[in-house]
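Reader: I'm new to this one and would like a close look at a single part. Could you walk me through it in plain words?

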Amino acid sequence: MIKKIAWETFKNTGDVNTFLELQQIKNIEEQIQGQKAEQNGNNKNEWNHNL
């Protein structure tokens, strides 16, 4: 979704900086999602380990 927004913004404005900033936001969101997935997996392991 953000990639599409970034591309459309770049096409409309021609501003490369806006495109790059939105790409950075996309990367940050992916990192956050990855961290959440890791945390959820760790929580399950801790729960099973305590049984």
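Reader: Let's begin with Leu20: in which helix is the place of Leu20?

Author: Leu20 has its place in helix α2. Keep in mind that what you're looking at is a predicted model. With a relative accessible area of 43%, Leu20 is partly exposed. Along the sequence, Leu20 and Trp7 are 13 residues apart, and in space their C-alpha atoms are 9.7 Å apart. That brings in Trp7, so let's set the scene before following it.

The chain has two helices and zero strands. Helix α1 covers residues 2-13, and helix α2 covers residues 16-50. You can check α1 with a bit of arithmetic: at 1.5 Å a residue, its twelve residues should span 16 Å, and the C-alpha atoms at its ends are indeed 16 Å apart, so the two agree. After α1 comes Gly14, with a positive phi near 75 degrees.

Now for the rings. A search of the whole structure turns up three aromatic pairs. One of them joins Trp7 and Phe19 edge-to-face, with 6.4 Å from centre to centre and 80 degrees between the planes. This pair links distant parts of the chain, since Trp7 sits in helix α1 and Phe19 in helix α2, twelve residues apart. Phe19 also pairs with Phe10: their ring centres are 5.8 Å apart and their planes stand at 55 degrees, so this pair is tilted. Put together, Trp7, Phe10 and Phe19 make one aromatic cluster.

How covered are those rings? Trp7 is partly exposed, at 43% relative accessible area. Phe10 counts as partly exposed too, at 26%. Phe19 has a value of 21% and is partly exposed as well; the cut-off for buried is under 20%, so Phe19 does not count as buried. Over the chain of 51 residues, 8% count as buried. The chain exposes about 4,600 Å², and carbon and sulfur atoms supply 52% of that.

The helices hold some charged partners as well. Side chains of opposite charge can pair when their charged atoms come close. Searching the whole structure gives two salt bridges. In one, the side chains of Glu8 and Lys11 meet at 3.3 Å, N to O. Why can these two reach each other? Glu8 and Lys11 are three residues apart in helix α1, which puts about one helical turn between them. An α-helix has 3.6 residues a turn, so residues three or four places apart point the same way. Both partners are partly exposed: Glu8 has a relative accessible area of 34%, and Lys11 has 48%.

The other salt bridge takes us back to the helix of Leu20, namely α2. There the side chains of Lys26 and Glu30 meet at 3.9 Å, N to O. Lys26 and Glu30 are four residues apart in α2, so about one helical turn separates them. Lys26 is partly exposed at 22% relative accessible area, while Glu30, at 47%, counts as partly exposed too.

So, back where we began: Leu20 belongs to helix α2, and its C-alpha is 9.7 Å from that of Trp7, a member of the aromatic cluster with Phe10 and Phe19.

Key:
Residues numbered from 1 in each chain as written. Predicted model: local features only at pLDDT ≥ 70, side-chain atom pairs only at ≥ 80, totals over all residues. Heavy atoms only, no water. Buried < 20%, exposed > 50% of the residue type's maximum accessible area, 1.4 Å probe, protein only. Areas by Shrake-Rupley, 256 points an atom, 1.4 Å probe, with all protein chains shown as cover. Salt bridge = Lys/Arg side-chain N within 4 Å of Asp/Glu carboxyl O. Phe/Tyr/Trp six-rings, centres within 6.5 Å; stacked < 30°, edge-to-face > 60°. Expected span 1.5 Å × (residues − 1).
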